[in-house]
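Work through the exercises below with the structure open beside the text. Try each task before reading its solution.

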Amino acid sequence: MRIVVCIKPTPEGSELAISPETGTLEREKGDLIINPFDLYAVEEAIKIKEKQKEVEITGIAMAPPKGDSALREALALGCDRTILLTDREFAGADTLATSRTLAKAIDKLGFDLVICGMKSTDGDTAQVGPGIAEFLDISHVSWVSSILELGEKMVVKQMLEDCYREVEVGLPCLITVTKEINDPRLPSFKNKLKAKKAEIETWGLENLGLNPQECGLKGSPTRVVKTAHPSYRKEVEFVDEKGFIEELEEWRIL
Amino acid sequence: MKLKSTGKKWEVDEMSYNKLNENLIDRIGEIVGEEGVIRDRDKMDDFSHDEYPLLDFKSFPDIVVQPRSTEEVSQIVKLAWENSIPITPRGSATGLCGGCVPIYGGIALSLERMDNILEIDEDNLLVTVEAGVKLMDLFKTVEDRELFFPPHPGDESAMVGGAIATNAGGSRAVKYGVMRNFVRGIEVVLPNGDVEWLGTKNVKDTSGYSLVNLFIGSEGTLGVITKAILKITPQPGATMTLVAIYENLEDAIGTVPEIIKKGLSPISIEFIEKEVIPPTEALLGKKWPTSEGEVHLMLIVDARDEDELMQIGEELVDICTANNATDVLVADTKEKQEEILDIRSNIYLALKKDVVEILDITVPPSRIADFVKRVRDLSEKYKIELLTYGHAGDGNVHVHMMKGGEESAYSPLRRELHEMGIEMGGVVSGEHGIGLAKKEFLKMMGEGKIELMRRIKRALDEKNIMNPGKIFDL
């Protein structure tokens with residue numbers, strides 16, 4: 001079985017820096033690590049490999065050259081091969097262009113199963129996984145919290161807002177996984193050391209045979225105008241008995 | 001005498017002290033302001049104990065006084081001196097041996113309102129603080145300037161003054177040493193109310209006796225520490241946490257002296273038996289990195305940069321592997337490292353309800369394997385569970401005496417453990433101090449030393465008003 005795991009190299013730390021001038025995310029600061037949600041995708045692939053014979057795991061990322069640190073992490077954890085999609089033309093991609101570029105690379109690799117994290121901690125859109133599936137024209141199940149069966153077909157547990165449902169899906173397919181699915185392992189130091197010295201395969205625009213108009217900023221119809229934190233307000237009002245009755249009447253409960 | 005005691009005895013001579021009268025209390029109020037005085041017994045519970053797990057040492061002060069400045073401390077102490085009122089200084093009371101419990105009543109002098117960071121001297125890498133600064137605030141302040149204060153006694157809510165008065169240690173002592181190594185100077189208020197600066201900003205200082213070192217670890221019996229000049233360092237460029245997995249205790253603990261011998265000095269070497277992990281995971285809702293093996297060593301390593309870090313890591317992993325570690329895992333993200341440390345730091349909290357007492361016996365690092373083995377033998381002999389985990393790298397593995405056995409066995413077992421520690425070249429307390437809990441064991445280390453301490457105490461505090469009844473009996 002050929003498994004492709006999509007990895008987004010993201011800045012470390014839960015507090016993201018948003019540039020006060022442009023309102024966009026500052027990705028320059030600090031080392032890039034595996035997007036925490038993608039760690040669950042990597043772990044799930046490794047778990048499948050531990051249970052089944054002849055599984056090959058390829059970790060794939062689209063990022064600037066310094067994104068290689070995240071792929072080294074994936075190698076240390078147990079991916080067999082990693083590919084970094086990096087090209088100036090890929091820069092500034094929205095979720096559509098990112099999905100298209102990743103899908104092209106995955107198609108070129110060949111696959112039976114694609115696993116993504118449910119979303120990224122920096123972009124937070126959860127669109128890229130399903131987007132890839134659409135470009136590949138395969139089935140996908142998002143927010144998978146457990147793989148119940150994996151053979152000719154797959155049975156997974158999908159997390160919905162207030163319940164779960166079991167979904168049966170044929171291969172090849174793509175799933176995005178939630179935090180409930182496993183407990184990601186730590187790499188062993190020896191593997192980390194090996195991964196640090198490993199050559200990271202890189203593919204550019206030419207390797208994918210894509211038109212520059214289809215990727216990066218040029219291939220992105222979305223424009224980020226402003227990024228801001230939503231504000232949440234909760235108010236508690238203390239009322240006496242009389243006020244309480246009035247309140248209930250106002251809400252037509254009485 | 002208000003002291004509740006379960007069979008332990010202290011020589012209490014109440015007659016030698018005077019009681020606080022209304023007149024004195026009014027004068028105290030004039031000095032520190034009414035908001036700096038607590039007279040209502042209902043509001044004093046926090047000031048009647050520390051974190052010692054048993055209730056043996058609970059005792060209320062007559063008044064809690066919270067001064068705002070050295071000048072106010074000096075006036076209060078002078079008043080106590082002139083009127084022979086016992087005075088017990090305290091920080092956050094995170095101690096584990098009853099050190100700040102006012103067993104003779106009198107004044108509990110809480111330094112909490114003296115919480116200013118006075119100077120950060122980036123040229124000399126020194127920070128000057130008031131005694132009531134909490135460690136967590138000190139850590140934060142220096143970290144914001146990309147500096148680092150290495151000592152890390154377990155509870156970050158502890159105050160600087162208390163950490164100095166008890167010469168606190170903690171898990172980073174393997175590489176950086178204990179509080180003593182980071183104190184350049186202190187301002188103290190002596191028992192008669194005089195104020196003196198001991199020590200300076202200088203690296204070298206052979207100008208007379210090292211009085212600053214006399215006060216470090218004196219547990220408030222010689223005076224009140226009001227300010228301190230502390231050493232800080234640049235922040236390490238890179239850190240990582242290794243978790244080495246072993247099938248048995250001997251291999252794990254046997255690794256420790258090998259690491260020390262090579263001079264590799266990780267920040268900390270913590271030793272954790274698997275059984276203490278699940279209750280802590282349940283408490284925090286977090287997951288320890290592995291359930292493999294029986295015993296784990298947690299090593300925190302720092303270095304100037306990533307390359308140096310990997311180099312040290314490689315050497316450490318080789319040593320672990322040579323000592324039969326089945327695998328060594330690595331966490332390098334800040335988040336993951338904090339999660340591991342958080343679990344390690346909260347083991348005590350998870351076990352606390354079943355702990356009778358946490359001992360602080362410390363042996364030379366080379367004897368640590370032997371020590372842990374003999375603790376196990378004693379556990380079997382007395383049929384009392386003794387959990388051991390903690391600072392393996394500095395020989396300070398805390399023995400936790402657990403509930404469930406015969407209560408009559410606690411006392412002889414406690415005694416035998418301390419005798420064994422001393423016989424191995426160890427000490428009865430490595431980082432918690434003596435306070436009340438360890439007085440009887442300190443005696444085992446020789447009457448001569450105690451007599452010397454008595455002479456120093458009498459010379460500085462002939463009225464015995466400063467934290468009386470602690471460390472040794474006069």
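**Exercise 1. Is A:Thr178 buried or exposed, and what surrounds this residue?**

Solution. The model is predicted.

Step 1. Begin with accessibility. A:Thr178 has a relative accessible area of 1%. Buried means under 20%, so A:Thr178 counts as buried.

Step 2. Find the residue in the chain. A:Thr178 sits in a loop of chain A, between strand S10 (173-177) and helix H5 (189-197).

Step 3. List the surroundings. With neighbours within four places in sequence left aside, A:Thr178 is in contact with A:Tyr40, A:Met118, A:Trp143, A:Val144, A:Ser145 and A:Met159.

Step 4. Look at the side chain. The side chains of A:Thr178 and A:Glu180 are joined by a polar contact of 2.7 Å.

**Exercise 2. Describe chain A as a whole.**

Solution.

Step 1. Count the elements: chain A has seven helices and 11 strands.

Step 2. Give the extent. Along the principal axes, the C-alpha atoms of chain A fill a box of roughly 75 × 45 × 40 Å.

Step 3. Turn to burial. Of the 254 residues in chain A, 45% are buried.

Step 4. Consider sequence separation. Among contacts in chain A with a separation of 6 or more, 72% are between residues 24 or more positions apart.

**Exercise 3. Into which domains is chain B divided, and how do domain 3 and domain 4 of chain B meet?**

Solution.

Step 1. Read the domain assignment. For chain B it gives domain 1 (3-113 + 455-460), domain 2 (117-234), domain 3 (238-345) and domain 4 (349-432). Domain 1 of chain B is thus written as two segments.

Step 2. Take the distance and the contact. The centres of domain 3 and domain 4 of chain B, taken over C-alpha atoms, are 22 Å apart. In the contact, domain 3 of chain B supplies 16 residues and domain 4 of chain B supplies 18 residues.

Step 3. Add the area. About 1,500 Å² is buried between these two domains of chain B, and carbon and sulfur atoms give 68% of that area.

Step 4. Look for polar links. One salt bridge is found across the interface of domain 3 and domain 4 of chain B. A salt bridge joins the side chains of B:Glu273 and B:Arg376, at 2.0 Å from N to O. Six residue pairs are in polar contact across the interface of these domains.

Step 5. Describe the side of domain 3 of chain B that touches domain 4 of chain B. Helix H7 (249-261), strand S13 (268-273) and helix H8 (277-284) of chain B each supply at least two residues to that side. By class, the side has 11 nonpolar, one polar and four charged residues.

**Exercise 4. Which parts of chain B touch chain A?**

Solution.

Step 1. Count the residues: 22 residues of chain B are in contact with 11 residues of chain A.

Step 2. Give the area. The two chains bury about 1,500 Å² between them, with 65% of it on carbon and sulfur atoms. On the chain B side, B:Met310, B:Val330 and B:Thr333 lose the most area to chain A, and together they make up 34% of what that side buries.

Step 3. Add the polar links. Two salt bridges cross the interface of chain B and chain A. One salt bridge, at 3.7 Å from N to O, joins the side chains of A:Lys196 and B:Asp307. Four residue pairs are in polar contact across the interface of chain B and chain A.

Step 4. Name the elements. Strand S12 (238-246), helix H9 (306-322), strand S15 (327-331) and helix H10 (334-345) of chain B each give two or more residues to the side that touches chain A. H9(B) gives the most, with seven residues.

Step 5. Sort by class. The side of chain B that touches chain A divides into 10 nonpolar, three polar and nine charged residues.

**Exercise 5. Where is B:His418, and which residues is B:His418 in contact with?**

Solution.

Step 1. Place the residue: B:His418 is in helix H13 (residues 410-423) of chain B.

Step 2. Check burial. B:His418 is buried, with a relative accessible area of 0%.

Step 3. Name the contacts. Apart from neighbours within four places in sequence, B:His418 is in contact with B:Leu359, B:Ile361, B:Val428, B:Lys438, B:Phe441 and B:Met444.

Key. Residues are numbered from 1 along each chain as its sequence is written. Chains are lettered from A and ligands numbered from 1 in the order in which they are written. This is a predicted model: local features need pLDDT of at least 70, side-chain atom pairs count only at pLDDT 80 or more; totals for chains, interfaces and linings use all residues. Side-chain values use heavy atoms; hydrogens and water are left out. Domain bounds come from an automatic or database domain assignment. Contact means heavy atoms within 4.5 Å. Buried area is the accessible area (1.4 Å probe) that two parts lose on being put together, summed over both. A salt bridge is a side-chain nitrogen of Lys or Arg within 4 Å of a carboxyl oxygen of Asp or Glu. A polar contact is a pair of N or O atoms within 3.5 Å; within protein, one must be able to donate a hydrogen and the other to accept it, and residues adjacent in sequence count only if both atoms are side-chain atoms. Helices (H or I, at least four residues) and strands (E, at least two) are DSSP runs, numbered from the N terminus. Ala, Val, Leu, Ile, Met, Phe, Trp, Tyr, Cys and Pro count as nonpolar, Asp, Glu, Lys and Arg as charged, and the others, Gly among them, as polar. Buried means under 20% relative accessible area, exposed over 50%, partly exposed in between (1.4 Å probe, protein chains only).
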